[in-house]
Structure formats: structure tokens, C-alpha cells
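This report describes one sheet and a residue beside it. The sequence and structure come first.

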Amino acid sequence: MRLFIFDDYQALSRAGAALVAEVVAARPTAALVLATGVTPMGLYQELAERRDRGAFDTSQLRIFQLDEYLGLGPDDQRSLFLWMKRAVLAPWAITPANVARLPGNSSEPQVACRVYDRAIEAVGGFDLAVLGLGSNGHLGFNEPPADPTSRTHIVALTEASVESNARYWGGRDQVPRQALTVGLAWLLAARHILLVVSGEHKRAILRRVVEGPVSPETPASYLQKAANVTVIADKAAWGDITQVT
Ligand code: PGA
């Protein structure tokens, strides 16, 4: 695991964008699984600007959705697909045929999870996972206690996730209680993993992820065992920079 600390969110976003651009330059057909949430938005925006300058070729990229609330269709204002559409698919001009949507509104979500697994298998797994860190240590909606061998599956959101997602949707009662998520097994097997962490409120959990024991109670701690993991954080999220180990 490599850890880089940046002065502020802007520097963090630029560095994250550079890493994604490097992976894509080496493999223009790369399969990417991308988080929503607030943290990677600067990075995605930076890449959209690079694309507009002709410096980031998105024409052959395959984009996979990381997680979705159960029961929501792609046009629901709270759907994470719609968020991804606004933040990535539209500004990067991704060809619709190259997008894998997690169908939160499937009438048979278990079957939908298996179909999604087959789609991931068909591209040979992920070349790159861009992930945010939940305040409870989750990756995607792999909530604690998490199973590191899980594939795409249905989860019940923890109270911590309901609480932290309430800020996006205007209240707890707006947050669905179940979700679909790509499992840890797929994420940990990605050929590159980029974890993006910003803000003082992530400080305690980030330390546990990087320095604490590997445990189902801290899902992101399994990154300690994965290959090719880059953690980028701003100073607010890491705290005392002299303590980088
Ligand atoms: P955030 O979400 O980037 O909005 O803080 C992270 C997460 O919950 O995975």
C-alpha cells in the first residue's frame, strides 16, 4: 500500500486524476469501477477537463457502477446511477454501450447480481477501482462486518451509512435501507486500486484502515492485503504529516 498526503483537496484531485490518466493511457480499453460520493468529484472533474483538452481518451473505456440503492430506478433523483451520469458518464462522454449499470430496480435483484458478476468476469475483472472511504470503513456498500470473498451482493445499510447518506438526500427518511454493491473480492482483485480520502472527519477511520488490524469490522482494512493500492489523502484527513509510516 502506498500512501501520499497532499496539502489540500485540489492537489489531491489533481494527483488522483493523473493516476487514472496513466492507467488509461496504458490501456485505453480499461474497465473502471467508480465510486460516487463527494470525495472523488474533484478528480472526475479534473479528468473531464483533460478530456476536453484532448489529453484523456475515454472513447473505449468500460465503466462499471460500484453500488446502488435497492428499489431505485436509473431516473430516481437519489439513484447513484444518476449521480454517476452527472459526474462521469456525461462529462467524459462515455458510450452508453460501455456502461454497466447496477439495476437497483430489478424485480430479481439476486439474479441481477449474478448477471453483473458475469459482466465483470467478461471484461477480465477491473483494471482500476476508484474508491471513497465511508466513515464506518466501508468500500462501496461493503458494510462492516464485511466478507472479503464477496462478489456482487445485496446489503442492509448500517445506521452509520444511512446517517452519512442523509446529507445527500435531505434526510434519513429519504435513504433506502438496502443496496446492491460490487463485493470486496472484485475490488481487491482490481489491477490498480485508488482510495481517495479527504477531510478531518475521515481521520480516525483512515488511520484504522492504514495502520490498524485487518478486520471485517473495518472493510477497507483489507486493502492492506491487496496488490497495487494507492491511498491519497489530504492533510486534513491524515493529520500530523510527520507520522507517515
Ligand atoms: P464521501 O463518501 O466521499 O461522500 O465521503 C464516501 C463513502 O461513504 O463511501
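## A three-stranded sheet and Thr152

In this predicted model, strands E7 and E8 run antiparallel and are joined by 4 bridges, with E8 covering residues 178–181. Within this pair, Ile154 is placed opposite Leu180 of E8.

The two strands belong to an open sheet of 3 strands, ordered E4-E8-E7 and paired antiparallel. E4 and E7 are the edge strands, each pairing on one side only. On average, neighbouring strands of the sheet are turned by 30° against each other, direction ignored. Helix H4 packs on this sheet and touches both E7 and E8; the direction of H4 makes about 130° with that of E7.

The elements mentioned here span these residues:

| Element | Residues |
|---|---|
| Strand E4 | 67–69 |
| Helix H4 | 109–122 |
| Strand E6 | 128–132 |
| Strand E7 | 153–156 |
| Strand E8 | 178–181 |

Thr152 is located in the loop that links E6 and E7. Is Thr152 buried or exposed? The relative accessible area of Thr152 is 2%, and the cut-off for buried is under 20%, so Thr152 counts as buried.

The surroundings of Thr152 can be listed by contact. Leaving aside residues up to four places away in sequence, Thr152 touches Leu102, Cys113, Arg114, Tyr116, Asp117, Ile120, Thr181, Val182, Gly183 and Trp186. With one of these, Asp117, there is also a polar contact between side chains, at 2.6 Å. Asp117 has a number within the range 109–122 of helix H4, and Thr181 has one within the range 178–181 of strand E8.

Notes
Residues numbered from 1 in each chain as written. Predicted model: local features only at pLDDT ≥ 70, side-chain atom pairs only at ≥ 80, totals over all residues. Heavy atoms only, no water. Pairing = 2+ DSSP bridges. Axes fitted to C-alpha atoms, helices over the stretch in contact; angles between N-to-C directions. Contact = heavy atoms within 4.5 Å. Buried < 20%, exposed > 50% of the residue type's maximum accessible area, 1.4 Å probe, protein only. Polar contact = N/O pair within 3.5 Å; in protein donor to acceptor, adjacent residues only side chain to side chain.
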